[in-house]
Amino acid sequence: MSNSLGAPVRLCWVIVALLTGHAAFAANSEAGFKASYAAADAAEKQAGLLRNQWLVTEAALTEARKAAEKNDFDQAVAAAKEAEALAKASIYQATSEKAAWKNLEIR
Amino acid sequence: MRVHRWLPHFVGRAGRRLSVRLLSISLAALLLAVAHTAVAADGVDPAKDARAFQDYFFKKFPGVKPDDFANGPYALNEDMRRQWEEKEQFPPYEFSLEAGKELFAKPFANGKHYADCFADQGIGIRQDYPQFDTKSGKVITLELALNRCREANGEKAISYTGDDMAALTAYMAFTSRGKPLNIKIPDDPRALEAYEDGKRYFYTRRGQLNFSCATCHVQNPGERLRAEVLAPALGILNAMPIYRSEWGGMGTTSRRFITCNSQVRGVPLEPQSDEYRDLEYFLSYVSNGLPISGPGSRP
């Protein structure tokens, strides 16, 4: 019983793995890059409104654009995702510092 | 109900209800007044801030004379001080000073001069900047005032981070050496707000390194950061503009703020942005009484 089901189950896993791999490959297409970059750019713009952008975020965005120009969308998506994470960290910093700065004040 | 007991007997039921209401309103008004007073007491008090700020540094460095804080890291490090004193025999800002004197004296195309834009012909007035302009409701730094002077006389503004601005402010600082900083905060809520905004900027952590200005210049003055000895925040602007060996040239206050932001891996703001102007206002005010020592030189 278990032996007769073993092959179809393994096949299913192979199909799932292939589909997942394909999905991952599809995410790193130009469309995937554009979506990742837009999310990162929006977060960085929000950091800009808070007057707290980071140099590394700007560098990661530039890296993403340059990789996309070379059609290296894996690298472009990775850089855009890094930029988004950095931008969100800078937003968190600016937001938390609205109250936290008082802790450093000389009184 | 208990409140009713001490109301006079001659007051009828309706009167008692009215009295209770009036009492409630009075109590509410009193509570509001107390709350308002608490907000005011907890509000901005620049004079108190300045005392606390100066006391912090005086206690942290009891061997340093108050006026010496205007010399930055040289007040805190004996070796650096000896080198600086020798360097002052032929100071690296001398060329800039000469250039500033010439620029200051050179007439605009309309025949007027920088001197025409300032009190006392612009000589010995550095200690009065930045000022709060009650007309615009903004802080006016010396750098900004110089460019406004140019524009008012039909000239183009010059770069806030460039050599000409450094030279002009170097000359104006030199003519003011020894004069105590005398920054005023007029009785205007916008001035207090600008001061408070500057204070908030000073203490706010920013950049990927999560540093505030205070991280280096309040918590760690006298300590080394790579090859540099960190300057105390007290008197830090008294020596501006400065020749920095690291830059290989002169730098204005604008340039210094921009560099600080970059060093903590933050994107610098525009020169003379409201934030930088307010920061200069705060930092200068809390150093009131300390002498102008600019132009200065730093490693």
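This tour moves through a predicted model of a complex, one selection at a time.

Residues are numbered from 1 along each chain as its sequence is written, and chains are lettered from A in the order in which they are written. In this predicted model, local features need pLDDT of at least 70 and side-chain atom pairs count only at pLDDT 80 or more, while totals for chains, interfaces and linings use all residues.

Begin by colouring chain B by pLDDT, the predictor's confidence in each residue, from 0 to 100. The mean for chain B is 89, with 86% of its residues at 70 or more. Select residues 1-16 of chain B, where pLDDT stays under 50. Select next residues 22-41 of chain B, where the pLDDT is below 50 as well. Where pLDDT is low, the predicted coordinates should not be read in detail.

Turn then to Leu146(B), Leu168(B), Ala170(B) and Phe202(B), which are among the residues with the most contacts inside the largest nonpolar core, of 61 residues. Such a core is a set of buried Ala, Val, Leu, Ile, Met, Phe, Trp, Tyr and Cys residues joined through C-beta atoms within 7 Å; buried means that 20 or more other C-beta atoms lie within 10 Å of a residue's own, with C-beta atoms placed from the backbone.

Finally, display the contact between the chains, which takes 20 residues from chain B and 14 residues from chain A; two residues are in contact if their C-beta atoms, placed from the backbone, lie within 7 Å. For the complex, the predictor gives an ipTM of 0.82 and a pTM of 0.83.

Conventions
Buried ≥ 20, exposed ≤ 12 C-beta atoms within 10 Å, placed from the backbone.
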